Amino acid sequence: MSIRLGTADLAKYPFLNEAAEYMHQTYFNLDDLNLPELGHIVERASNRIRSEIEHGKPDFTLERHEIEILTFLVEILIIKAINSDNLTKKHCLCEALRAEKFLVHDLKTHAEPSTKKLLLFKVFKELLKMDVLPSMKYQLMFEVKVTDYLKRSHLFHEQEWKLINRLVHDGRVFLDPDETVRLIRAEVTNLLLERIKQMNPSHIPATIKEQANILKASIPTASRKLAIAPSAYPPCVNHALNLMAVGENLPHSARVMLATYMLAIGKNIEEIVSLFKNAPDYDERVSRYQVEHLAGERGSRVRYLVPSCTKLRNDGLCFATSQCDGLINPVQFGRAVKYYRETNLR
Ligand code: SF4
């Protein structure tokens with residue numbers, strides 16, 4: 001499809017292929033970022049990342065497309081220079097949440113069917129290889145193939161996402177604008193993560209290095225500690241952590257598992273609360289209260305134990321691998337890994 005989006009759309013979705021084409025046409029050079037004229041862009045990008053570090057939330061302000069596309073690029077360069085897995089994931093999630101808000105609004109308000117169709121094509125088809133069409137049957141609804149729906153909805157635990165609870169007709173699932181866009185949050189996050197991973201700039205301009213160093217120093221120690229690859233965590237815990245990293249809402253039982261497991265392996269309240277920062281409904285006060293309650297520092301003063309593997313299996317939270325053989329509780333997993341490694345080295 002050769003029809004092009006308007007510049008206002010490129011400002012909202014700077015990760016689209018057309019935005020990259022725009023940058024290409026401007027003959028932009030990395031060293032231009034050292035010019036005083038572009039200082040406000042570097043500062044804007046840096047402020048947005050700082051806000052993500054401090055509040056874990058995206059900035060929804062919207063400028064002209066030239067500014068937004070360049071800010072998006074500078075942010076990626078700064079993130080690349082900081083080189084923190086945790087911050088990179090957080091940034092990609094924030095970008096996905098930002099686009100999500102604009103996209104829901106656009107799908108609800110674009111009156112012109114052809115504009116809506118073009119946007120759906122550019123975001124869903126071109127980027128994610130997924131067919132989404134405005135429904136001819138129901139007003140303000142969208143149609144997604146059942147196979148595409150199932151591929152993405154398995155990440156959600158809420159009952160309303162189960163296929164049995166959806167309106168399905170002729171191999172298509174009907175979704176409202178919020179649901180249609182919600183379906184792709186994890187995918188957009190992962191796509192951005194992959195782009196940052198693949199990006200290989202010839203060098204990092206001095207202004208970017210400078211901002212990266214300042215921001216790096218402001219990353220809380222707890223986050224840096226948690227960024228260490230938790231290779232010894234059991235699969236159920238890693239699965240929950242991965243879902244949170246892409247902004248999925250964990251069911252209560254998964255949060256209890258995560259918090260009690262972290263308490264059992266000696267993490268402090270601060271570290272555990274910061275783990276939940278990516279949750280879409282994150283409220284620091286509530287999270288802290290719940291973790292302190294599980295730690296036995298509030299209410300009944302009883303410290304909660306990690307749920308058993310049987311209980312987690314029944315709750316649909318178990319993702320056992322061969323290394324889980326014989327376990328009755330996830331806290332045993334580290335010992336099992338050690339034994340597994342030792343026996344396989346002989
Ligand atoms: S068997 Fe136990 S430790 Fe392994 S994934 Fe399942 S619940 Fe977690």
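# Notebook: sheet, cores, ligand shell, helix 15

**Sheet.** I started with the strands and found an open sheet of four, ordered 1-2-4-3, with antiparallel pairing. Strand 1 (132–134) and strand 3 (168–169) are the edge strands with a single partner each, so each has one side without a neighbour in the sheet. Note to self: this is a predicted model.

Next I went through the pairs one by one. Strand 1 pairs with strand 2 (residues 142–145) through three bridges, antiparallel. Within that pair, I found Leu133 bridged to Glu143 in strand 2. Strand 2 and strand 4 also run antiparallel, with four bridges between them. I looked up Lys145 and found it opposite Arg172 in strand 4. At the other edge, strand 3 is joined to strand 4 (residues 172–175) by two bridges, again antiparallel. There, Val168 has Val173 of strand 4 as its bridge partner.

**Odd phi values.** Which residue in the loop between strand 1 and strand 2 caught my eye? I wrote down Leu140, which sits in that loop and has a positive phi of about 60° without being a glycine. I checked its surroundings too: Leu140 is exposed, with 10 other C-beta atoms within 10 Å.

Tyr27 got a similar look. Its phi is positive, about 55°, and Tyr27 is not a glycine either. I placed Tyr27 in the loop between helix 2 (17–25) and helix 3 (39–55). Tyr27 is exposed, having 7 other C-beta atoms within 10 Å.

**Cores.** Then I turned to the inside. The largest nonpolar core has 49 residues, and Leu73, Val74, Ile78 and Ile208 touch the most other members. Helix 4 (residues 65–82) contributes the most to this core, ten residues. Apart from that core I found another one of 25 residues, including Tyr233, Leu243, Ala254 and Leu317.

I picked Ile208 for a closer check. What is Ile208 in contact with, leaving aside its neighbours within four places in sequence? My list reads Leu33, Val42, Val74, Leu77, Ile78 and Ala81.

**Ligand.** Which residues surround the ligand? I got Pro234, Pro235, Cys236, Cys309, Leu312, Cys318, Phe319, Ala320, Cys324, Leu327, Pro330 and Phe333. Sorted by class, this shell has twelve nonpolar residues, no polar ones and no charged ones. I also asked which helices show up in the shell: helix 12 (235–245) and helix 16 (309–314) each supply at least two residues.

**Helix 15.** Last stop was helix 15 (residues 284–294), where Ser287, Val291 and Leu294 are buried. Down the helix axis, the buried residues of helix 15 fall within an arc of 60°, so they line one face. That fits the textbook rule: an α-helix has 3.6 residues a turn, so residues three or four places apart point the same way. On the face turned away from the buried side, I noted the exposed residues Arg285 and Val286.

What do the buried residues of helix 15 pack against? I found helix 13 (252–264) and helix 14 (269–275). Just after helix 15 comes Gly296, with a positive phi of about 80°.

Terms used:
Residues numbered from 1 in each chain as written. Predicted model: local features only at pLDDT ≥ 70, side-chain atom pairs only at ≥ 80, totals over all residues. Buried ≥ 20, exposed ≤ 12 C-beta atoms within 10 Å, placed from the backbone. Arc of directions from axis to C-beta. Contact = placed C-beta atoms within 7 Å. Core = buried A, V, L, I, M, F, W, Y, C linked by C-beta atoms within 7 Å. Near = placed C-beta within 6 Å. Nonpolar A, V, L, I, M, F, W, Y, C, P; charged D, E, K, R; others polar. Pairing = 2+ DSSP bridges.
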